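Student: I've got a model to go through, and I'd like to know what stands behind each label. Can we take it piece by piece?

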Amino acid sequence: MRKNIVAGNWKMNNNATQTKALINDLKVALEKVSANCRVLISPTSINLTSAVAATKGSVIEVSAQNMHQATSGAYTGEISANMLQDVGVKTVILGHSERRTFFGEDDTMLTEKVTTALENNLEIIFCFGELLEDRKSDNHFNVVESQLKNVVLALNASAWKNIVLAYEPVWAIGTGETASPEQAQEMHAFIRGLVEATYGKTLANNVSILYGGSVKPANAQEIFSKQDVDGGLIGGASLNATDFTGIITAF
Ligand code: PGA
């Protein structure tokens, strides 16, 4: 059966000192509660090694925010899948809307990244979601379907044990505006239906589908209570141990 997951995406926040402090706060907070879900944090790449060390022995897993599609070579400033594995990182976020918008990541590049990540035994949190104009023009289902079909729905079924989906409507990211629990459920059911149509019911029931976009302690429980919502990818609220723990305990 699929797992519930709460994953924090720290984006370009927290230097080394702040990373250590936030992990410490989080460990203390999590000791007082029982987490009924997987818990991940995604510090910036320069702090991954120290984050892996600091979370050792705790329930917190560490994921990366990005990686390059090539295995190695002349790609100044980039980080490879093998480098992530080597420092103990087992999961990578790919396809985040900020990567798509600011760094030109398209379906072709994401297919390469997904392939490389899988070849290196990394779990992938694959992000996708429509723009506000897509939703306003009632095109959101088409956009999501093509984002999935062009990349992850083209994979072999065996790859899916390492795939987590994260539906993140771009209009809800960092805006304070959240999809309503009904809007999230409607889209998540649609997504699970696409996976089922391609791979069958068992695989579709086993894939975790996270919602992302202004999830806070105050709205997490209602969103997570929906049948096809298996957790969240959390930006802003993951930068505060109390808020992040409040979201984790929504399960
Ligand atoms: P947010 O970000 O929670 O700050 O809206 C979510 C994300 O970008 O993953």
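**What stands behind the labels**

Tutor: Sure, let's start with T55, which lies in helix α2 (residues 48-55); helices here are DSSP runs of H or I with at least four residues, strands are runs of E with at least two, and both are numbered from the N terminus. Before we go on: this is a predicted model, where local features need pLDDT of at least 70, side-chain atom pairs count only at pLDDT 80 or more, and totals for chains, interfaces and linings use all residues. Residues are numbered from 1 along each chain as its sequence is written, and side-chain values use heavy atoms, with hydrogens and water left out.

Student: Why is T55 called buried?

Tutor: Buried means under 20% relative accessible area, exposed means over 50%, and partly exposed is in between (1.4 Å probe, protein chains only). T55 has a relative accessible area of 5%, so T55 is buried.

Student: What makes the side chain of T55 a partner for A51?

Tutor: The side chain of T55 reaches the backbone oxygen of A51 at 2.8 Å. A polar contact is a pair of N or O atoms within 3.5 Å; within protein, one must be able to donate a hydrogen and the other to accept it, and residues adjacent in sequence count only if both atoms are side-chain atoms. T55 also touches I23, I41, I60 and V62, leaving out residues up to four places away in sequence; contact means heavy atoms within 4.5 Å.

Student: I41 is on that list. Why is I41 called buried?

Tutor: I41 comes in at 0% relative accessibility, so I41 counts as buried. I41 sits in strand β2, and its contacts beyond four places in sequence include G8, W10, L26 and F244. The C-alpha atoms of I41 and G8 are separated by 4.5 Å, with their positions 33 residues apart along the chain.

Student: And what makes V52 count as partly exposed?

Tutor: V52 has a relative accessible area of 21%, so V52 goes down as partly exposed. V52 is found in helix α2, and beyond four places in sequence V52 is in contact with V62, V87, G88 and V89.

Student: What makes I46 exposed?

Tutor: At 72% relative accessibility, I46 counts as exposed because of that value. I46 is found in the loop between β2 (38-42) and α2. Its C-alpha atom is 8.1 Å from that of A16, a residue 30 places away along the chain.

Student: Why does N9 count as buried?

Tutor: N9 has 5% relative accessibility, so the label is buried. N9 is found in strand β1 (residues 5-9). A polar atom of the N9 side chain lies 3.1 Å from the backbone nitrogen of K11.

Student: K11 is also listed by the ligand. How do you know which residues surround the ligand?

Tutor: A residue is near a molecule if one of its heavy atoms lies within 4 Å of it. There are 13 residues around the ligand, and the closest are K11, H96, E168, G174 and S214. An oxygen atom of the ligand is 2.6 Å from an N or O atom in the side chain of K11. A ligand oxygen is also 2.7 Å from a polar backbone atom of G174, and one is 2.7 Å from a polar backbone atom of S214. Taken alone, the ligand exposes 280 Å², and the protein buries 96% of that (areas from the Shrake-Rupley method, 1.4 Å probe; for residues, only the protein chains shown count as cover).

Student: What makes a set of residues a nonpolar core?

Tutor: The members are buried Ala, Val, Leu, Ile, Met, Phe, Trp, Tyr and Cys residues joined through side-chain atoms within 4.5 Å. The largest such core has 65 residues, and F126, L148, W160 and L165 have the most contacts inside it. Helix α8 (residues 181-199) gives the most to this core, with 6 residues. Apart from it lies another core, of 10 residues, among them I5, L40, V164 and A166.

Student: What is notable about phi in D138?

Tutor: Phi of D138 is near 60°, a positive value in a residue other than glycine. Most residues other than glycine have a negative phi. D138 is in the loop between α6 (132-136) and α7 (140-149), and D138 counts as exposed because its relative accessibility is 58%.
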